2 protein chains.
Amino acid sequence: METSRSITQKIENEGTMCPSFQALDMVMDKWTPKVLFLLQDGPMHYMQLKRQVGGSTQKMVTQTLRKLEKEGLVTRTVYPTSPPTVEYALTPLGEMLQSAFQELLQWARIYTAQFQSMRENDSEANKEEDFHKN
Amino acid sequence: METSRSITQKIENEGTMCPSFQALDMVMDKWTPKVLFLLQDGPMHYMQLKRQVGGSTQKMVTQTLRKLEKEGLVTRTVYPTSPPTVEYALTPLGEMLQSAFQELLQWARIYTAQFQSMRENDSEANKEEDFHKN
DNA sequence: CAGGATCCTGGGCGATACTG
DNA sequence: CAGTATCGCCCAGGATCCTG
């Protein structure tokens, strides 16, 4: 280990040492997972995306898509039709990221299931509710 | 705002999307991945954690740990020694989450490698131009 | 050593209006 | 339809000081 270096402790090793976490931060914003998730089934128009992403605004959807495009994770294809049409699709790199997020999603389902069963165990343990299998 | 328009918003993956992404948002903050990553090799003291997480502050580390504890992803064990000692460790659920993040990390490494090779060898015929300056 | 309490700022994010 | 531009809120997150 290194000794105490400088008082200001400017962290330069973080920037150079862990580029993976940097890349991870790039992609950990609020809407990226949802956009990737929606695009996994194939290309989508902007409107479809905006509608199905749900709970977001036009600004955030566009911003997220632009960022993903710049990062090389989605492609943006403009069709010069009478009403402008833009299609977004995952790149191979984007598909890989989507797969990784899929793991997180899988965990989230398990986690949610755990806590739901925890909350409802004391009132009616054997309630005949619809247990959503996801 | 929920107007009459949003009723038509039928999300086919409704069951999977909403609660899962909520749980995902819970865990998508800045320092959670790094803390989980550090804890994967075994329990750690607060100080070790704070030091090795690098680039964060005491507040954020503590805050992240407290949140993870509340979510049932880490355990907090206090040893009543002469100087107080606190050990943090992953719960099984936390380990699962860590594994999921591992996938993201794996992707991040590939992603980083891609862009490094892109910069070294930018003779990419397929790419149009226009990479900066919009 | 572990972490609580505060103050403060940047920017993530939402809402609205306008364009081609 | 597919954005861009602008304003402003709000809070995640950083810095600093203090305690047991």
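This report describes the sheets, the helix packing and the DNA-facing surfaces of a predicted model.

**The annotated region and the sheet of chain A**

In chain A, an unreviewed UniProt entry places the annotation "domain: HTH hxlR-type" on residues 18-116. Over residues 18-116 of chain A the chain is 63% helix and 14% strand, and the C-alpha atoms at the two ends are 36 Å apart.

Chain A contains an open sheet of 3 strands, which follow the order β1-β3-β2 with antiparallel pairing. The edge strands of this sheet are β1 (44-45) and β2 of chain A, each of which pairs on one side only. Strand β2 (residues 74-79) of chain A runs antiparallel to strand β3 (residues 85-90) of chain A, and 6 bridges join the two. Within that pairing, A:Val74 has A:Leu90 in β3(A) as its bridge partner, and the link from β2(A) to β3(A) is a hairpin through 5 residues. The pairing of β1(A) with β3(A), also in the antiparallel sense, extends over 2 bridges, and here A:His45 stands opposite A:Glu87 in β3(A). Helix α3 (residues 32-39) of chain A lies across β1, β2 and β3 of chain A, and runs at about 95° to β3(A).

**The hairpin of chain B**

In chain B, strand β2 (residues 74-79) is joined to β3(B) by 6 bridges, and the two strands run antiparallel. B:Val74 stands opposite B:Leu90 in β3(B), and a hairpin through 5 residues connects β2(B) to β3(B).

**Packing between the chains**

Where the two protein chains meet, helix α2 (residues 19-26) of chain A packs with helix α2 (residues 32-39) of chain B at an angle of about 145°, and the axes of these helices are 11 Å apart. On the side of α2(A) the residues are A:Phe21, A:Leu24 and A:Asp25, and these meet B:Pro33, B:Lys34 and B:Phe37 in α2(B). By residue class, the contact of α2(A) with α2(B) divides into 4 nonpolar, no polar and 2 charged residues.

**The surface near DNA strand D**

DNA strand D is surrounded by 20 residues, of which the closest are A:Gln58, A:Arg66, A:Arg76, A:Tyr88 and B:Lys59. Of the atoms of DNA strand D that come within 4 Å of the protein, sugar and phosphate account for 60%. Both a base and the backbone of this strand take part in polar contacts: a polar side-chain atom of A:Gln58 lies 2.3 Å from a base oxygen, while a sugar or linking oxygen is 3.2 Å from a polar backbone atom of A:Pro84. The elements that give two or more residues to this surface are α4 (46-53), α5 (58-70) and β3 of chain A, together with α4 (58-70) of chain B. Among these, α5(A) provides the largest share, 4 residues. The residues near DNA strand D divide into 8 nonpolar, 6 polar and 6 charged.

**The surface near DNA strand C**

Around DNA strand C there are 19 residues, and those that come nearest are A:Lys59, A:Met60, B:Met47, B:Arg66 and B:Arg76. Sugar or phosphate makes up 60% of the atoms of DNA strand C within 4 Å of the protein, and the rest belong to bases. At least two residues of this surface are supplied by each of α5 of chain A and α3 (46-53), α4 and β3 (85-90) of chain B. The largest share, 4 residues, comes from α4(B). By class, the residues near DNA strand C divide into 8 nonpolar, 6 polar and 5 charged.

**Side-chain contacts with the two DNA strands**

The table sets out polar contacts made by side chains.

| Residue | DNA strand and atom | Distance |
|---|---|---|
| A:Gln58 | strand D, base oxygen | 2.3 Å |
| A:Arg76 | strand D, phosphate oxygen | 2.5 Å |
| A:Lys59 | strand C, base oxygen | 2.4 Å |
| B:Arg76 | strand C, phosphate oxygen | 2.7 Å |
| B:Tyr88 | strand C, phosphate oxygen | 3.1 Å |

Read by partner atom, A:Arg76 faces a phosphate oxygen of DNA strand D, and B:Arg76 does so for DNA strand C, whereas the side chain of A:Lys59 approaches a base oxygen of DNA strand C.

Conventions: Residues are numbered from 1 along each chain as its sequence is written. Chains are lettered from A and ligands numbered from 1 in the order in which they are written. This is a predicted model: local features need pLDDT of at least 70, side-chain atom pairs count only at pLDDT 80 or more; totals for chains, interfaces and linings use all residues. Side-chain values use heavy atoms; hydrogens and water are left out. Two strands pair if DSSP finds at least two bridges between them. A residue is near a molecule or strand if one of its heavy atoms lies within 4 Å of it. A polar contact is a pair of N or O atoms within 3.5 Å; within protein, one must be able to donate a hydrogen and the other to accept it, and residues adjacent in sequence count only if both atoms are side-chain atoms. Ala, Val, Leu, Ile, Met, Phe, Trp, Tyr, Cys and Pro count as nonpolar, Asp, Glu, Lys and Arg as charged, and the others, Gly among them, as polar. UniProt positions are given in the numbering used here, feature names are shortened, and annotations may be inferred rather than shown by experiment. Contact means heavy atoms within 4.5 Å. Axes are lines fitted to C-alpha atoms, for helices over the stretch in contact, and angles run from 0 to 180 degrees between N-to-C directions.
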